[in-house]
Amino acid sequence: MLTLKHIKALNIEISSKCIAKCPFCSREQKIRPYGNHVITLADFKKLPQTLIKRLKWINFSGNFGDLSTNRDMVKIAEYIKQLNKNTVLGGNTNGSVQDEDWWRSLGQFFKDGSMEFSVDGLSDTHVIHRVGTDYHKIIKNIEAFTRGGGIAHWKFILFQHNEHQIDEAEKIARQIGCSRFMVVPSRDYGGQFKKAEKIKFQIKRDIFHSYDEKAMSTNAVVTCRPLDNGSLYLAADGTVHPCCYAHCMYITEHNASFKFILPLIEKYYAAINFKTTPLEDILKGGYFNEILEKSKTNSYCRMKCNQFRKTIKKELVLIDHR
């Protein structure tokens, strides 16, 4: 049985809202309604303080929303650090919402963790993929975040239309205080979003499939993340899941191999919301017990959570300069 004592980390979709309209985002693939939700400070305080006080890290990274659309984000980060100064905070964002003062205030709570800013090119190319965002505002916000003490990483998604700007983007990243510059492949390519030609690489799904074949050849045992590394995913609507893939599957049905989880979410949906049900009761309930059992033989779980996942994570980064 899964209990609070197993949990060492949280991955939180603090908001389901986003101003961007990136073509390959999960937001563009929804087949179930998923409206505008946020986890407010009042919601967050429903999580047991005993849990927050011993968490190793909290990552604010959602399937559908951007953390900067939650006005309580700074207050939530402050609340966490008041309870546990050693909890490492991380997150990712398009950085195009809120003003410089807000980002400077947030930065003080990300001195030991990091914030990943997605900037896919320069002023003339970034908006091609990050539709609806403002490159110049993002640059100012990153600079404000680093002035506030925050550790900023620049993540550059690679396309044919921006591959000639990598060196210049890295130069700007250094100038505005980023401590890391990463180039990664897109989830997909097609239409005007052509695959880069100068750098040879595999896309994400192909890398996962290649390592899945290795996992099958070794008869690897699938270990679900809550049991393996003690992490949970909290969606902005309050529902609690073993991982972000489970919640994304429910909203998008992105992979037929993972369909076993759909009837479980439907069955337990009203009982797995931490805003209305104590987290410990959720973990002890039928939803997690059934998932942890069924995941042991599920092919999608094996592909995403096999013993090679740390290696896969490294291969997904094409350039990594710190």
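Glu253 is partly exposed, with 26% relative accessible area; here buried stands for under 20%, exposed for over 50% and partly exposed for the range in between, using a 1.4 Å probe and protein chains only. This residue sits in the loop between α10 and α11, where helices (H or I, at least four residues) and strands (E, at least two) are DSSP runs numbered from the N terminus. Although Glu253 is not a glycine, its phi is positive, at about 50 degrees. The structure is a predicted model, in which local features need pLDDT of at least 70 and side-chain atom pairs count only at pLDDT 80 or more, while totals for chains, interfaces and linings use all residues. Residues are numbered from 1 along each chain as its sequence is written, and side-chain values use heavy atoms, leaving out hydrogens and water.

A positive phi also turns up at Gln98, again not a glycine, with a value of about 75 degrees. Gln98 lies in the loop between β3 (88-93) and α4 and counts as buried at 15% relative accessibility. For background, most residues other than glycine have a negative phi.

Glu253 comes right after helix α10, which spans residues 244-252 and is mostly covered, with eight of its nine residues buried. Among the buried residues of α10 are Tyr245, Met249, Tyr250, Ile251 and Thr252. Two others in this helix deserve a friendly closer look. Ala246, found in α10, is buried with a relative accessible area of 0%. Leaving aside neighbours within four places in sequence, Ala246 is in contact (heavy atoms within 4.5 Å) with His241, Phe258, Ile261, Ile265 and Tyr287. The C-alpha atoms of Ala246 and Ile291 are 9.8 Å apart, with their positions 45 residues apart along the chain.

His247, also found in α10, is buried with a relative accessible area of 1%. With neighbours within four places in sequence again left aside, the contacts of His247 are Glu13, Tyr34, Asn63, Phe64, Tyr233, Ala235, Asp237, Thr239 and His241. Between His247 and Leu262, which are 15 residues apart along the chain, the C-alpha separation is 9.4 Å.

Ile261 and Ile265, both contacts of Ala246, take part in a helix pairing as well. Helix α11 (residues 261-268) and helix α13 (residues 286-294) have axes that come within 10 Å and cross at roughly 170 degrees; axes are lines fitted to C-alpha atoms, for helices over the stretch in contact, and angles run from 0 to 180 degrees between N-to-C directions. The two helices are therefore roughly antiparallel, a label for angles over 145 degrees, whereas those under 35 count as roughly parallel, 65 to 115 as roughly perpendicular and the rest as oblique. Ile261, Leu264, Ile265, Lys267 and Tyr268 of α11 make this contact with Gly286, Tyr287, Glu290, Ile291 and Lys294 of α13. By class, the residues are six nonpolar, one polar and three charged, where Ala, Val, Leu, Ile, Met, Phe, Trp, Tyr, Cys and Pro count as nonpolar, Asp, Glu, Lys and Arg as charged, and the others, Gly among them, as polar.

Helix α4 is involved in two further pairings. Helix α3 (residues 73-83) packs with α4 (residues 100-107) at an angle of about 15 degrees, their axes 9 Å apart, and the pair is therefore roughly parallel. In this contact, Met73, Val74 and Ala77 of α3 meet Trp102, Ser105 and Leu106 of α4. Five of these residues are nonpolar, one is polar and none is charged.

The axes of α4 and helix α6 (residues 135-147) come within 7 Å and cross at roughly 35 degrees. On the α4 side the contact is made by Glu100, Trp103, Arg104, Leu106 and Gly107, and on the α6 side by Lys140, Asn141, Ala144, Phe145 and Arg147. This contact has four nonpolar, two polar and four charged residues.

Finally, the cysteines. A disulfide is taken as a pair of cysteine sulfur atoms within 2.5 Å, and the count by this rule is zero. The sulfur of Cys18 has its closest cysteine sulfur in Cys22, 6.4 Å away and too far for a bond. Cys18 is partly exposed, at 22% relative accessible area. For Cys248, the closest cysteine sulfur is that of Cys244, at 7.2 Å, which is also too far for a bond. Cys248 counts as buried at 10% relative accessibility.
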